Amino acid sequence: MQITIDQYNMQNLQTFSELLKKDPSTIINEALEEYFEKEQKKLLEKNLEDENAMTNLDFNEFWDDVDI
C-alpha cells in the first residue's frame, strides 16, 4: 500500500506534531480512528433510514388486504 499526503496536510502534520509533541504516526492514527468512527456512524444511520424506508407503511396500509 502506498499513501500520498499532499503538501498542505504534510505541513499541518508537522506543525501539529511539534505543537502537541506527538509523533506524526500517532496523529495520523488518531485522525483515521476518528474518521472511521464517523463513517461507520453515517453508514449505520443510512442503513437504518433504508430499513425504515422499506417499512414506512402505517397500520391500515399494512393490514389493508389481509383477510382474517
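Tutor: Start with a term. Accessible area is computed by the Shrake-Rupley method with a 1.4 Å probe. The model here is predicted.

Student: What does the accessible surface of the protein chain come to?

Tutor: About 6,900 Å². Carbon and sulfur atoms hold 55% of that surface.

Student: How many helices and strands make up the secondary structure?

Tutor: There are 3 helices and 0 strands. Along the sequence the pattern reads α-α-α.

Student: What share of the residues counts as buried?

Tutor: Of the 68 residues in the protein chain, 4%. Ser17 is a buried residue.

Student: What makes Ser17 count as buried?

Tutor: Its relative accessible area is 13%. The cut-off for buried is under 20%, so Ser17 is buried.

Student: Where does Ser17 lie, and what does its side chain reach?

Tutor: Ser17 is part of helix α1, residues 7-20. Its side chain reaches the backbone oxygen of Lys22, at 2.5 Å.

Student: Which residues does Ser17 touch?

Tutor: Leave out residues up to four places away in sequence, and Ser17 touches Lys22, Asp23, Pro24 and Ile27.

Student: Where is Pro24, and what does Pro24 touch?

Tutor: Pro24 sits in helix α2. Again leaving out residues up to four places away in sequence, Pro24 touches Leu13 and Ser17. Pro24 and Met10 are 14 residues apart in sequence, and their C-alpha atoms are 9.5 Å apart in space.

Student: Why is Pro24 called partly exposed?

Tutor: Its relative accessibility is 32%. Partly exposed lies between the 20% and 50% cut-offs, so Pro24 counts as partly exposed.

Student: What makes Lys21 exposed?

Tutor: Its relative accessible area is 73%. Exposed means over 50%, so Lys21 is exposed.

Student: Where does Lys21 lie, and what is its phi?

Tutor: Lys21 lies in the loop between α1 and α2. Its phi is positive, about 55°, although Lys21 is not a glycine.

Student: How many salt bridges does a search of the whole structure find?

Tutor: It finds 2.

Student: How do you know that Glu30 and Lys22 meet in a salt bridge?

Tutor: Their side chains come to 2.9 Å, N to O. The limit for a lysine nitrogen and a Glu carboxyl oxygen is 4 Å, so the pair qualifies as a salt bridge. Glu30 is partly exposed at 37% relative accessibility. Lys22 is partly exposed too, with a relative accessible area of 30%.

Student: What makes Glu39 and Lys42 a salt bridge?

Tutor: The closest N and O atoms are 3.2 Å apart. That is within the 4 Å limit, so this pair is a salt bridge.

Student: Where do Glu39 and Lys42 lie?

Tutor: Both are in helix α2. They stand 3 residues apart, about one turn of the helix.

Student: Why do Glu39 and Lys42 count as partly exposed?

Tutor: Glu39 has a relative accessibility of 23%. Lys42 has a relative accessible area of 43%. Both values fall between 20% and 50%, so both residues are partly exposed.

Student: How many aromatic pairs does the search find?

Tutor: Just 1 aromatic pair turns up in the whole structure. The pair is Tyr35 and Phe36.

Student: Why is the pair of Tyr35 and Phe36 called edge-to-face?

Tutor: Check two values. The ring centres are 5.6 Å apart, and rings pair within 6.5 Å. The planes stand at 65°, and over 60 degrees counts as edge-to-face. So the pair is edge-to-face.

Student: Which residues form the nonpolar patch on the surface?

Tutor: Met1, Ile3, Ile5, Ile28, Leu32, Tyr35 and Phe36. Together they have about 790 Å² of accessible area.

Student: What makes Ile5 and Tyr35 partly exposed?

Tutor: Ile5 lies in the segment before α1 and has a relative accessible area of 34%. Tyr35 has 44%. Both fall between 20% and 50%, so both are partly exposed. Patch residues need over 30%, and these two values pass that cut-off.

Note on methods. Residues numbered from 1 in each chain as written. Predicted model: local features only at pLDDT ≥ 70, side-chain atom pairs only at ≥ 80, totals over all residues. Heavy atoms only, no water. Helix = DSSP H or I, 4+ residues; strand = E, 2+ residues; numbered from the N terminus. Buried < 20%, exposed > 50% of the residue type's maximum accessible area, 1.4 Å probe, protein only. Polar contact = N/O pair within 3.5 Å; in protein donor to acceptor, adjacent residues only side chain to side chain. Contact = heavy atoms within 4.5 Å. Patch = residues over 30% accessible without salt bridge, like charges linked within 9 Å, V, L, I, M, F, W, Y side chains within 5 Å. Phe/Tyr/Trp six-rings, centres within 6.5 Å; stacked < 30°, edge-to-face > 60°.
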